[in-house]
Amino acid sequence: MGEASASQLQIWQHGLPSLVTDIGWYATLPNDIVARVRRQHEIEDIREHLRRFLENPAPYHEIGRNGLRYVSEHHTVEAYVDALFQLLAAIPPDRTRTAVPWLSERAGQAMQPWFTEETASVSLPGVTRAISEVFDRRPA
């Protein structure tokens, strides 16, 4: 789902607090949904967070609840599909035909393990048709 770490999304989906090093995508997260660890002081900061958690876990429970709210508001299937459609709308119409085979190949590779050999030959062409239909119906 974009730049999000799958493991971070799972942590939030369970309402758990997490410690993150303040770099990359993690540096863009709101302060109330993660506990931050400075890159140059990781051991010291992790120890301090663990000490604080043992003394008073309530703020870390709050971070977990805030993370659950955040993931349910910002990392939904609907938000992902909306972002894909925004990207699709930005592609010049003459370029969409090159995108369909590329996306179909990527989707086929990702989905291949889900199917037996017999069902793949029946199911995966449907994925290509669906991708093509999305491009054919894209917003003008």
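**Figure 1. The largest nonpolar core of this predicted model has 10 residues.** Its members are Leu88, Ala99, Val100, Ala107, Met111, Ala120, Leu124, Val127, Ile131 and Phe135. A nonpolar core is a set of buried Ala, Val, Leu, Ile, Met, Phe, Trp, Tyr and Cys residues joined through side-chain atoms within 4.5 Å. Buried means under 20% relative accessible area, exposed means over 50%, and partly exposed lies in between (1.4 Å probe, protein chains only). Two helices, α5 (96–111) and α6 (117–136), each supply at least two residues of this core. The most comes from α6, which gives five residues. Helices (H or I, at least four residues) and strands (E, at least two) are DSSP runs, numbered from the N terminus. Apart from this core lies another one of nine residues, including Leu9, Trp12, Ile33 and Tyr70. In soluble globular proteins, nonpolar side chains tend to be buried together. Residues are numbered from 1 along each chain as its sequence is written. The model is predicted, so local features need pLDDT of at least 70, side-chain atom pairs count only at pLDDT 80 or more, and totals for chains, interfaces and linings use all residues, while side-chain values use heavy atoms and leave out hydrogens and water.

**Figure 2. Confidence is given for the whole protein and for its elements.** pLDDT is the predictor's confidence in each residue, from 0 to 100. The mean pLDDT of the protein is 84, and 93% of its residues reach 70 or more. Among the elements, helix α2 (residues 42–55) has the highest mean, 97, and α6 the lowest, 75. Where pLDDT is low, the predicted coordinates should not be read in detail.

**Figure 3. Ala120 and Asn66 are shown with their contacts.** Contact means heavy atoms within 4.5 Å. Not counting residues up to four places away in sequence, Ala120 touches Gln112, Phe115 and Pro125. Asn66 lies in helix α3 (residues 58–74). With a relative accessible area of 9%, Asn66 is buried. Leaving aside neighbours within four places in sequence, Asn66 is in contact with Asp32 and Ile33.

**Figure 4. The buried residues of helix α1 are Gln8, Leu9 and Trp12.** Seen down the axis of α1, these buried residues fall within an arc of 100 degrees, so they line one face of the helix. The arc is that of the directions from the helix axis to the C-beta atoms. The buried residues of α1 pack against β1 and α3. After α1 comes Gly15, whose phi is positive, near 70 degrees.

**Figure 5. Trp12 and Tyr70 form an aromatic pair.** A search of the whole structure finds four aromatic pairs. The ring centres of Trp12 and Tyr70 are 5.3 Å apart and the planes stand at 65 degrees, so the pair is edge-to-face. Trp12 belongs to helix α1 (residues 6–13) and Tyr70 to helix α3, so the pair ties together parts that are 58 residues apart in sequence. Rings of Phe, Tyr and Trp (its six-membered ring) pair if their centres lie within 6.5 Å; planes under 30 degrees apart count as stacked, over 60 as edge-to-face and the rest as tilted. Trp12 is buried, with a relative accessible area of 0%. Tyr70 also counts as buried, at 15% relative accessibility. One aromatic cluster is formed by Trp12, Trp25, Tyr26 and Tyr70.

**Figure 6. Asp22 and Arg36 form a salt bridge.** A salt bridge is a side-chain nitrogen of Lys or Arg within 4 Å of a carboxyl oxygen of Asp or Glu. The structure holds nine salt bridges. In the bridge of Asp22 with Arg36, the closest N and O atoms are 2.8 Å apart. This pair links distant parts of the chain, with Asp22 in the loop between β1 (19–21) and β2 (35–37), Arg36 in strand β2, and the two positions 14 residues apart in sequence. Asp22 is partly exposed, with a relative accessible area of 37%.

**Figure 7. Salt bridges also occur within helices α2 and α3.** Arg51 and Glu55 form a salt bridge, with the closest N and O atoms 2.7 Å apart. Both lie in helix α2, four residues apart, about one turn of the helix. Arg51 is partly exposed at 37% relative accessibility, whereas Glu55 is exposed at 58%. Glu48, Arg51, Arg52 and Glu55 are linked in a network of salt bridges. In helix α3, the side chains of Glu73 and Arg69 meet in a salt bridge (3.8 Å, N to O).
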